[in-house]
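Here are some short exercises to help you find your way around a fold. Have a go at each task before you read its solution.

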Amino acid sequence: MQAYILLNCVPGLEKETITELKIIPEVDEVNGIMGRYDIIVKVASSEPDGIDKVVRKIRIIKHITASYTMPVLYGQGGSIDS
């Protein structure tokens, strides 16, 4: 499964938060963004409950204040091979 997660963090601590996110093995990509959210994270897991587990790992990062998870729908651009 794949998902994109939009995050808000404490202003000014985006780079530190991104560094912590990159340590998580399920994180495929992480980028700072402008707008309503501060960071976007692409995650993947082959376990049935893997996305839930990685979301819990992300939510305990100290400077994250909010998250919004969007699971990928296969057959609409997503690949079951990822």
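**Exercise 1. Work out how strand 2 pairs with strand 3, and look at the hairpin they form.**

Step 1: Strand 2 and strand 3 are antiparallel partners, joined by five bridges. Strands here are DSSP runs of E with at least two residues, helices are runs of H or I with at least four, and both are numbered from the N terminus. Two strands count as paired if DSSP finds at least two bridges between them.

Step 2: Pick one bridge: Val-30 has Val-41 of strand 3 as its partner.

Step 3: Now the hairpin, where six residues sit between the two strands and Gly-35 has a positive phi near 125 degrees.

A word on the model: it is predicted, so local features need pLDDT of at least 70 and side-chain atom pairs count only at pLDDT 80 or more, while totals for chains, interfaces and linings use all residues. Residues are numbered from 1 along each chain as its sequence is written, and side-chain values use heavy atoms, with hydrogens and water left out.

**Exercise 2. Put the strands of the sheet in order and say which ones stand at the edges.**

Step 1: Start with strand 1 (residues 2-9), which runs antiparallel to strand 3 (residues 39-44) and is joined to strand 3 by six bridges. Ala-3, for instance, faces Val-43 in strand 3.

Step 2: Put the pairs together and you get an open sheet of four strands, ordered 2-3-1-4, with antiparallel pairing.

Step 3: Strand 2 (27-32) and strand 4 (64-71) have a single partner strand each, so they are the edges, with one side of each lacking a neighbour in the sheet. From one strand to the next, the twist averages 20 degrees.

**Exercise 3. Find which residues of helix 1 are buried and what they pack against.**

Step 1: Helix 1 (residues 14-22) lies across strand 1, strand 2, strand 3 and strand 4, at about 175 degrees to strand 2. Such angles run from 0 to 180 degrees between N-to-C directions, with axes fitted to C-alpha atoms, for helices over the stretch in contact.

Step 2: Its buried residues are Thr-17, Ile-18 and Leu-21. Buried means under 20% relative accessible area, exposed over 50%, and partly exposed in between (1.4 Å probe, protein chains only).

Step 3: Those buried residues fall within an arc of 100 degrees down the axis of helix 1, so they line one face. The arc is taken over directions from the helix axis to the C-beta atoms. On the face turned away you'll find the exposed Lys-15 and Lys-22.

Step 4: The buried residues of helix 1 pack against strand 1, strand 2, strand 3, helix 2 and strand 4. Zoom in on Thr-17, at 0% relative accessible area: beyond four places in sequence, Thr-17 touches Cys-9, Ile-39, Ile-61, His-63 and Ile-64. Contact means heavy atoms within 4.5 Å.

**Exercise 4. Describe where Val-54 sits and what it touches.**

Step 1: Val-54 belongs to helix 2 and is buried, with a relative accessible area of 0%.

Step 2: Setting aside neighbours within four places in sequence, Val-54 is in contact with Ile-24, Glu-26 and Val-43. Val-54 and Glu-26 are 28 residues apart in sequence, yet 6.8 Å apart in space, C-alpha to C-alpha.
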